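This report covers one helix, one buried acidic residue and a set of salt bridges. The sequence and structure come first.

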Amino acid sequence: MALDPDHPLLSVTLRPHRSLTPQGLWLVVICVGLASLVAAIPFVVMGFWPVAGFYGLDVALLAFAFRASLHSAGETEELALTPVELHIRRKPRNGAIEEWRFNPLWTRLHIDRHEEFGISKITVRSRGTSLLIGQSLGPDDKQKLYSALSSALGQAKAGPIFALDTRN
């Protein structure tokens, strides 16, 4: 049976995982801010008022880090593999969409594996182009992505796209 060139062998949308909602993140910042305020009061009373500034700086840096985390949560990475094309599209939350197209016959996957943690990087390589994919995933999810994409690429490379009908 011939593979349909338009039928996707693999279609995946990757999104960064966030364990807390935006409201939960800001609740954490408010709680840390209140705890810092309570902890800073004795230092201010004793005359060590610069310590209170450092408590405030900690809360400001935490809020900045959470804001950056929320900003990156809207990013997506889409991978679509058909027998004739591997299409990768990255959509940042704000900014220009980036797209790459690879021929599956010339595409290879390369992984960097850490002994303790598993896969740390997945790279798609084709004709001099290298592209890191799945950067927002954890090691277990990278392993699943690598297995699925590797299997689908093998499927794309294995069979002819069109079957020749030799019956007359």
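Leaving aside its neighbours within four places in sequence, with which residues is Glu-77 in contact? With contact meaning heavy atoms within 4.5 Å, they are Val-12, Thr-13, Leu-14, Ile-88, Arg-89, Arg-90, Leu-132, Ile-133, Gly-134 and Gln-135.

This is a predicted model, in which local features need pLDDT of at least 70 and side-chain atom pairs count only at pLDDT 80 or more, while totals for chains, interfaces and linings use all residues. Residues are numbered from 1 along each chain as its sequence is written, and side-chain values use heavy atoms, with hydrogens and water left out.

Glu-77 is found in strand β2; strands (E, at least two residues) and helices (H or I, at least four) are DSSP runs, numbered from the N terminus. The relative accessible area of Glu-77 is 7%, and the residue is buried. Here buried means under 20% relative accessible area, exposed over 50%, and partly exposed in between (1.4 Å probe, protein chains only). The side chain of Glu-77 reaches the backbone nitrogen of Gly-134 at 3.0 Å.

Salt bridges are counted when a side-chain nitrogen of Lys or Arg is within 4 Å of a carboxyl oxygen of Asp or Glu. The count by this rule is 6, including the three tabulated here.

| Pair | N to O distance | Strands |
|---|---|---|
| Lys-91 and Glu-78 | 3.3 Å | β3 and β2 |
| Arg-101 and Glu-85 | 3.1 Å | β4 and β3 |
| Glu-99 and Arg-89 | 3.4 Å | β4 and β3 |

Glu-85, Arg-89, Glu-99 and Arg-101 are linked in a network of salt bridges. Within this network, Arg-101 is exposed at 51% relative accessibility, whereas Glu-99 is partly exposed at 39%. Glu-85 is partly exposed at 27%, and Arg-89 is partly exposed at 24%.

Helix α3 covers residues 139–158, and its end C-alpha atoms are 28 Å apart, in agreement with the 28 Å expected for 20 residues at 1.5 Å a residue; the expected span is 1.5 Å times one less than the number of residues. Its buried residues are Lys-142, Leu-145, Leu-149, Ala-152, Leu-153 and Ala-156. Down the helix axis these fall within an arc of 110°, so they line one face of α3; the arc is that of the directions from the axis to the C-beta atoms. An α-helix has 3.6 residues a turn, so residues three or four places apart point the same way. Asp-140, Lys-144 and Ala-158, on the other side of α3, are exposed. The buried residues of α3 pack against several strands, among them β1 (10–14), β2 (76–82) and β3 (85–91).

Note on methods
Polar contact = N/O pair within 3.5 Å; in protein donor to acceptor, adjacent residues only side chain to side chain.
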